[in-house]
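Student: I would like to go through this structure with you and ask, for each label we use, what entitles us to use it.

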Amino acid sequence: MTDQLFRLPAAFTGTHRVVAEEIDEYDHVNNAVYLQWLDRIAWAHSADLGLSLERCLAIRCGMAVRHTRVDYLEAARLDDILVLATWIVASDHRLRCTRRFEIQRVADGKRVLEAEIDFFSLNLNTGKPCRFPPEFTECYKPLPEVVAAYANLPTASRQVGRWPR
């Protein structure tokens with residue numbers, strides 16, 4: 001069902017109802033709140049793949065953000081029910097991976113946000129980049145069907161955060 005909502009197959013999804021604390025002076029969700037949602041769905045996906053925060057702390061390795069690209073497409077408002085989706089769309093299997101995100105409003109099916117975040121592996125003891133531990137290599141590999149579908153997206157759809165689109 002959710003695969004029909006999104007441009008890529010095999011989405012990891014979660015739902016969220018917008019609450020009053022997330023609304024800013026312009027009567028819509030504050031831009032910074034979206035980034036918190038992306039962080040939450042990424043952590044939920046990682047945990048589902050076997051890499052919970054506790055596991056990352058135990059092996060003293062985590063993923064840190066290198067670059068974030070976001071297109072805010074529609075305003076989300078109080079009480080909107082949203083479906084958040086994420087995929088791992090690229091990985092060098094050594095140091096870096098890229099996640100794609102989409103948020104859709106349930107009521108009208110409109111895409112509210114598209115984003116891509118580039119991550120790198122971080123040694124939590126030194127604060128420096130490090131090679132993927134075996135768990136990261138296994139868990140942060142993109143699914144072949146996602147890679148194929150991502151490659152077939154129109155160029156503009158792979159240009160998240162770039163102007164003009």
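The dialogue below takes up strands, cores, salt bridges and cysteines in a predicted model.

Student: What makes strand β3 count as largely enclosed by the rest of the structure?

Tutor: Nine of the eleven residues of β3, which covers residues 81-91, are buried, and buried here requires a relative accessible area under 20%. The strand is therefore largely enclosed by the rest of the structure.

Student: How do you know which strands pair with β3?

Tutor: Two strands are said to pair if DSSP finds at least two bridges between them. Strand β1 (residues 12-17) and β3 are joined by six bridges in the antiparallel sense, while β3 and strand β4 (residues 96-105) are joined by nine, also antiparallel, so both pairs satisfy the requirement of at least two bridges. Thr86 lets you follow this residue by residue, since Thr86 in β3 is the bridge partner of Phe12 and has Phe101 as its bridge partner in β4. β3 and β4 also form a hairpin with four residues between them, and His93 in the turn has a positive phi of about 65°.

Student: What makes a group of residues a nonpolar core, and which elements supply the largest one?

Tutor: The residues must be buried, belong to a set of nonpolar types, and be joined through side-chain atoms within 4.5 Å. The largest such core has 30 residues, and those with the most contacts inside it are Tyr34, Trp37, Leu82 and Ile103. Two or more residues each come from α1 (31-48), β2 (61-72), β3, β4, β5 (111-123) and α3 (134-139), with α1 giving the largest share, six residues. Leaving aside neighbours within four places in sequence, the contacts of Leu82 include Trp37, Ile103 and Val112. A second, separate core of ten residues includes Ala11, Val146, Tyr150 and Leu153.

Student: Why are Arg69 and Glu116 called a salt bridge?

Tutor: The closest approach of their side chains, N to O, is 3.1 Å, and because the limit is 4 Å, the pair qualifies. Arg69 lies in strand β2 and Glu116 in strand β5, so the pair ties together parts that are 47 residues apart in sequence. Arg69 also meets Asp118 in a salt bridge, at 2.9 Å from N to O, and this second pair likewise links β2 with β5, so that parts 49 residues apart in sequence are tied together. Both Arg69 and Asp118 are buried, as is Glu116.

Student: What makes Glu114 buried, and which residue does Glu114 pair with?

Tutor: Its relative accessibility is 1%, and because the cut-off is under 20%, that value counts as buried. Glu114 forms a salt bridge with Arg111, whose closest N and O atoms are 3.6 Å apart. Shared partners join Arg7, Arg69, Arg100, Glu102, Arg111, Glu114, Glu116 and Asp118 into one network.

Student: How do you know how many disulfides there are?

Tutor: The count is zero, the requirement being a pair of cysteine sulfur atoms within 2.5 Å. The sulfur of Cys56 has its closest cysteine sulfur in Cys61, at 7.2 Å, and this is too far for a bond. Cys130 is in no disulfide either, the nearest cysteine sulfur, that of Cys61, being 3.5 Å away; that value lies outside the limit of 2.5 Å. Cys56 is buried, with a relative accessible area of 4%.

Conventions. Residues are numbered from 1 along each chain as its sequence is written. This is a predicted model: local features need pLDDT of at least 70, side-chain atom pairs count only at pLDDT 80 or more; totals for chains, interfaces and linings use all residues. Side-chain values use heavy atoms; hydrogens and water are left out. Buried means under 20% relative accessible area, exposed over 50%, partly exposed in between (1.4 Å probe, protein chains only). Contact means heavy atoms within 4.5 Å.
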